[in-house]
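Reader: I am new to protein structures and would like to learn how to read one step by step. Could you take me through the features in order?

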Amino acid sequence: MVNRVPLSQIAYERIKKGILSLQFPPGFVLQERSLAELLGMSRTPVREAIHSLMRENWLVVTARSHSRVREISTGDIEDLYRVRGIIEIGALSLLVERGLAETCAVLLEKQQKKMAKCYRSFRQENDLFTFIELDRDFHSTIYSTLGNIRMQNIWRSVSDEVVWYGMMAMITQERFSAVLEEHEYVIESLKKADVVSIAAAVKNHLDVTTLRIKNVVENKRLVYIGPVGGEE
């Protein structure tokens with residue numbers, strides 16, 4: 001017997017992808033009826049999905065009882081990237097300490113090749129979201145190689161936001177080659193097992209990304225009309 005995925009789970013995954021991919025940008029109002037029409041299902045599973053996303057703080061209730069994608073502040077951005085810096089530099093340092101630096105570097109190079117291939121095909125497929133997901137996988141490799149369960153759990157707890165914010169960092173200006181170059185600095189430092197260089201490479205990568213996201217958010221460059229919902 002085949003176990004069918006509940007419609008509420010399908011709705012949840014599609015709406016969440018819409019949020020992460022900026023189809024529904026921060027502040028965008030989502031209407032239950034319009035979402036149901038877009039997803040080709042009744043309002044009941046859509047309502048359940050919306051409630052789940054509210055519990056996870058992706059959506060908030062508006063004054064008119066609609067759901068709105070939560071807004072982002074510069075404080076949110078700084079907090080996330082401070083956490084990323086702490087755990088990523090810590091994880092890479094532990095890889096060096098445990099003699100796993102070369103192993104991780106090889107795996108990161110494989111991920112880097114996938115990202116480079118996606119970059120080359122981007123102009124034809126226009127799939128920024130796939131590139132950002134591959135970027136998340138690149139960083140996830142650090143924690144999976146290390147095998148520290150607690151660090152992996154911390155990473156998983158922020159990885160969706162990493163995708164969301166990563167989209168914002170790239171949405172107004174092509175930054176593909178710069179991201180790949182910054183990754184190369186991390187990989188080369190890891191090969192040398194140079195903890196100081198690793199920390200500097202990670203800090204530079206995250207600082208540049210942070211500044212780009214803050215610029216986008218502060219200048220309200222994410223306000224545009226999506227396929228459903230609307231302004232109040």
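Author: What follows is a conversation about confidence, packed helices, salt bridges and a few single residues.

Reader: What should I know about the model before I begin?

Author: This is a predicted model, in which local features need pLDDT of at least 70 and side-chain atom pairs count only at pLDDT 80 or more, while totals for chains, interfaces and linings use all residues. Residues are numbered from 1 along each chain as its sequence is written, and side-chain values use heavy atoms, with hydrogens and water left out.

Reader: What is the mean pLDDT of the chain, and where does pLDDT stay under 50?

Author: The term pLDDT stands for the predictor's confidence in each residue, from 0 to 100. The chain has a mean pLDDT of 90, and 90% of its residues reach 70 or more. Over residues 224-232 pLDDT stays under 50, and for this stretch the model has 29 contacts beyond four places in sequence, where contact means heavy atoms within 4.5 Å.

Reader: How do I read two helices that pack together?

Author: Two packed helices are described by the angle between their axes and the distance between the axes. Helices (H or I, at least four residues) and strands (E, at least two) are DSSP runs, numbered from the N terminus. The axes are lines fitted to C-alpha atoms, for helices over the stretch in contact, and the angles run from 0 to 180 degrees between N-to-C directions. Angles under 35 degrees count as roughly parallel, over 145 as roughly antiparallel, 65 to 115 as roughly perpendicular and the rest as oblique.

Reader: At what angle do α6 and α8 pack, and which residues make the contact?

Author: Helix α6 (residues 128-146) packs with helix α8 (residues 176-191) at an angle of about 10 degrees, and their axes are 12 Å apart. The two helices are therefore roughly parallel to each other. On the side of α6 the contact is made by Leu 128, Phe 131, Asp 135, Phe 138 and His 139, and on the side of α8 by Phe 176, Val 179, His 183 and Ile 187. By class, this contact of α6 with α8 has six nonpolar, two polar and one charged residues; Ala, Val, Leu, Ile, Met, Phe, Trp, Tyr, Cys and Pro count as nonpolar, Asp, Glu, Lys and Arg as charged, and the others, Gly among them, as polar.

Reader: At what angle do α7 and α9 pack?

Author: Helix α7 (residues 149-170) and α9 pack at about 75 degrees, with their axes 8 Å apart, which makes α7 roughly perpendicular to α9. Tyr 165, Met 168 and Ala 169 of α7 make the contact with Thr 209, Arg 212, Ile 213, Val 216 and Val 217 of α9.

Reader: What is a salt bridge, and how many does a search of the whole structure find?

Author: Side chains of opposite charge can pair when their charged atoms come close. A salt bridge is a side-chain nitrogen of Lys or Arg within 4 Å of a carboxyl oxygen of Asp or Glu, and a search of the whole structure finds 16 of them. In one of these, Glu 56 pairs with Lys 16, the closest N and O atoms being 3.8 Å apart. Glu 56 lies in the loop between α3 (43-55) and β2 (59-61) and Lys 16 in helix α1 (residues 7-20), so the pair ties together parts that are 40 residues apart in sequence.

Reader: Is Lys 16 buried or exposed, and what does Lys 16 touch?

Author: Buried means under 20% relative accessible area, exposed over 50%, and partly exposed in between (1.4 Å probe, protein chains only). Lys 16 is buried, with a relative accessible area of 12%, whereas Glu 56 counts as partly exposed at 40%. Not counting residues up to four places away in sequence, Lys 16 touches Leu 53, Glu 56, Trp 58 and Asp 160. Lys 16 and Asp 160 are 144 residues apart in sequence and 9.5 Å apart in space, C-alpha to C-alpha.

Reader: Where do Asp 207 and Lys 203 lie?

Author: Both lie in helix α9 (residues 195-218), four residues apart, about one turn of the helix. Asp 207 forms a salt bridge with Lys 203, with the closest N and O atoms 2.7 Å apart.
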